[in-house]
Structure formats: structure tokens, C-alpha cells
Amino acid sequence: MESISLSIFHASPKTYRILSKLFILPTPETLVESLRKLNVYPGVSPKIIAALKSQVRAMKPEDRQCLIVFDEMGVKKSLSYDAKRDVIEGLEDLGNILGRTKAIVSSAIVFMVRGIRAKCKQPISFYLTGSTVTHGILQELIQETIRSVLSTGLNPLGVVCDQGPNNRACLSRLGVSSDHPYFHLDGRRYLVFYDPPHLLKNNRNNLKNSGVVFMEVKEVKWDHIKDFHVQDTKLPVRLARKLKKKYIELPGFKNMSVRLAAQTLSRSVCLMHSIVHL
């Protein structure tokens with residue numbers, strides 16, 4: 001019952017609160033406390049590796065093919081004392097290979113296994129860093145994670161990440177280029193893919209900043225979308241009602257939003273733009 005409750009709470013806390021009024025369910029505080037008992041610490045988790053090994057034995061060979069996905073995010077700086085481990089939480093911790101330092105954590109990097117044929121995903125490791133992780137350290141973390149995933153019986157075929165400067169520097173250090181989008185480790189080849197949603201955002205930014213020329217003669221400009229938006233807002237019934245002014249002007253950090261890029265370059269905007277200019 002607890003595992004089911006955790007799954008519902010993780011998927012939607014709002015739904016969990018509604019169901020709690022209809023059924024007798026553990027409180028959110030109880031669920032959080034149960035998570036604390038998992039004892040998962042920075043680095044590759046031996047418990048997760050053991051659980052994966054057990055599960056992989058029952059999987060078909062084709063279902064064992066997977067990708068390793070990783071991403072870095074900022075976290076709030078804070079320090080606390082873990083009486084159980086007798087350590088200060090909130091200091092940089094790069095697992096068993098690189099260990100802990102005195103730097104205060106400001107970001108975290110998480111590695112996840114994602115099935116290619118099988119619809120499954122599983123976090124495999126995480127690391128806490130005092131600053132954006134350097135490309136040299138990132139290379140060691142990638143290699144550690146790949147070897148750990150291989151030990152479970154899974155068959156990782158590639159790595160997926162965004163186009164952050166450190167990621168690109170790390171991949172370049174591994175020998176990845178536009179002509180050779182892969183690297184080798186222990187005699188195996190691993191393909192490298194940039195996260196498609198972030199590629200969509202980058203395409204939008206390139207269109208806004210420089211425009212796009214294709215077929216050597218045709219040019220697409222950001223002004224085309226701006227002009228369409230101006231015309232569309234004057235219509236009694238808008239053709240692309242989801243296209244808003246902030247999507248065009250991109251104030252503040254809106255140029256970092258993948259969602260806005262997807263809505264701006266959506267099929268409906270393209271279709272309505274074509275209808276207007278027929």
C-alpha cells in the first residue's frame with residue numbers, strides 16, 4: 001500500500017490530497033519519512049544496482065537496450081546534521097570515486113536509465129557539487145555510471161544530455177564531434193544525443209537571432225512570425241490563440257523555456273501562418 005501511495009503522490013500531490021479524503025491513505029509526512037529510510041546517498045546506489053540485476057534477469061534481450069540520460073540543476077544552499085551517519089549534509093559529495101569536499105552544494109547532477117523498447121526509467125545515481133561540475137569530473141561520472149549500468153545486465157547504447165557548455169566540453173574530451181557523434185569506453189561504442197526539447201529551443205533562438213536559409217534561396221525570418229502575430233491579434237477570431245506576445249518578445253529568461261519554443265514553432269502556428277499568406 002505504501003509503494004502505491006508513493007507512486008500516486010509522486011505523480012500528482014493534488015490528486016493524492018483528493019484521494020486522501022475518500023480513502024485512508026498515509027499522510028504526506030509519513031511518505032516523506034519512509035523515503036528517508038531508503039538510505040540512498042550520492043554516487044551509484046548499490047541497492048538500485050542490486051534491484052536492477054534482479055529485474056533484468058526476467059527481461060527479454062531486446063528490452064535490455066537503454067539510454068543513459070543525465071542533467072544538472074541548481075539546488076538551494078543549506079547545511080544540516082545527519083545524526084545517523086554523523087555527517088554534515090549540504091557539502092559537496094561526488095560519491096565513492098571522488099569523495100566529499102568542504103564546498104557547499106549549489107547544484108546536483110542526476111543520471112537515469114531510460115528503456116528504448118521497454119517503457120521504463122530508473123534513476124541510477126546522483127552527485128552533489130559545490131559549483132557547476134567540470135568537464136573532467138563529468139567524464140569520470142559518466143564512465144562510472146556506464147560501467148555500473150553494464151554490471152546489471154542492461155545494454156546501454158548511448159547517452160542523452162542537453163547542450164550545456166560543460167557537457168559539450170566533456171563530450172569533446174571524449175572525442176565526440178559532429179562527424180563522429182559517439183565515443184568508446186572499454187571497447188564499446190556509445191552514441192551521443194542532445195536532448196530533443198532543448199534542440200527545439202535552440203532552433204527557435206537561432207531563428208530569432210539569425211534567421212534560417214534553406215534550399216539556398218528561401219529564407220525564414222523571425223519577422224515572419226512577428227508579423228503573423230500582429231495580424232492574428234487583429235482578427236475577430238484568432239487563428240493561433242495560444243501564440244502570445246511574450247512568445248515573440250521573450251523577456252527575461254523566457255528564451256530558456258522549451259515550452260514556449262514548442263508552442264511558437266508548433267504545427268498550428270505553421271498551418272495558420274500559411275493560410276494567412278495564401
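1. The expected span of a helix is 1.5 Å times one less than its number of residues. Helix α8, residues 196-210, can be held against that rule: its 15 residues reach 21 Å from the first C-alpha to the last, close to the 21 Å expected. The model is a predicted one, and the points below should be read as describing that prediction.

2. What lies around α8? Within the helix, His198, Lys201, Arg204, Asn205 and Leu207 are buried. The cover over the buried residues of α8 includes two strands, β12 (212-214) and β13 (218-220), and two helices, α9 (222-233) and α11 (258-264). Gly211 follows α8 and has a positive phi, near 80 degrees.

3. Overall figures. The protein has 12 helices and 13 strands. Its C-alpha atoms fill a box of roughly 65 × 55 × 45 Å along the principal axes. Of the 278 residues, 33% are buried. The accessible surface is about 17,600 Å², and carbon and sulfur atoms account for 57% of that surface. Taking contacts between residues at least 6 apart in sequence, 64% join residues at least 24 apart.

4. How many salt bridges does a search of the whole structure find? The search gives three. They are taken one at a time in the next points, with the accessibility of each partner.

5. Asp63 and Arg117. The side chains of these two residues meet in a salt bridge, at 2.5 Å from N to O. Asp63 is in the loop between α4 (46-56) and β2 (65-74), and Arg117 is in the loop between β7 (107-115) and β8 (121-129), so the pair ties together parts that are 54 residues apart in sequence. Asp63 is buried, at a relative accessible area of 15%, whereas Arg117 is exposed, at 52%. The cut-offs matter for both labels, because buried means under 20% and exposed means over 50%.

6. Asp93 and Arg100. In this salt bridge the closest N and O atoms are 3.6 Å apart. The pair counts because the criterion asks for a side-chain nitrogen of Lys or Arg within 4 Å of a carboxyl oxygen of Asp or Glu. Asp93 is buried, with 7% relative accessibility, and Arg100 is partly exposed, with 34%.

7. Asp186 and Arg147. Their side chains form a salt bridge at 2.8 Å, N to O. This pair links distant parts of the chain, with Asp186 in the loop between β10 (182-185) and β11 (188-194) and Arg147 in helix α6 (residues 135-151), 39 residues apart. Asp186 is exposed at 54% relative accessibility, while Arg147 is partly exposed at 40%.

8. Backbone of Asp186. What is the phi of Asp186? The angle is near 55 degrees, a positive value in a residue other than glycine. Most residues other than glycine have a negative phi. The residue sits in the loop between β10 and β11, and a reviewer may want to look at this residue together with its salt bridge to Arg147.

9. Ser125. This residue lies in strand β8 and is buried, with a relative accessibility of 4%. Its side chain makes a polar contact with the side chain of Thr145, at 3.4 Å. With neighbours within four places in sequence left aside, Ser125 is in contact with Gly43, Val44, Ile109, Val110, Phe111 and Thr145. Thr145 therefore appears both as a polar partner and in the contact list, where contact means heavy atoms within 4.5 Å.

10. Cysteines. A disulfide is a covalent bond between the sulfur atoms of two cysteines. How many disulfides are counted here? The count is zero. The sulfur of Cys66 has its closest cysteine sulfur in Cys120, 7.8 Å away, which is too far for a bond, because the rule requires the sulfur atoms to be within 2.5 Å. Cys120 is likewise in no disulfide, with the sulfur of Cys66 as its nearest cysteine sulfur. Cys66 is buried at 1% relative accessibility, and Cys120 is partly exposed at 37%.

Methods: Residues are numbered from 1 along each chain as its sequence is written. This is a predicted model: local features need pLDDT of at least 70, side-chain atom pairs count only at pLDDT 80 or more; totals for chains, interfaces and linings use all residues. Side-chain values use heavy atoms; hydrogens and water are left out. Buried means under 20% relative accessible area, exposed over 50%, partly exposed in between (1.4 Å probe, protein chains only). A polar contact is a pair of N or O atoms within 3.5 Å; within protein, one must be able to donate a hydrogen and the other to accept it, and residues adjacent in sequence count only if both atoms are side-chain atoms. Accessible areas come from the Shrake-Rupley method with a 1.4 Å probe; for residues, only the protein chains shown count as cover.
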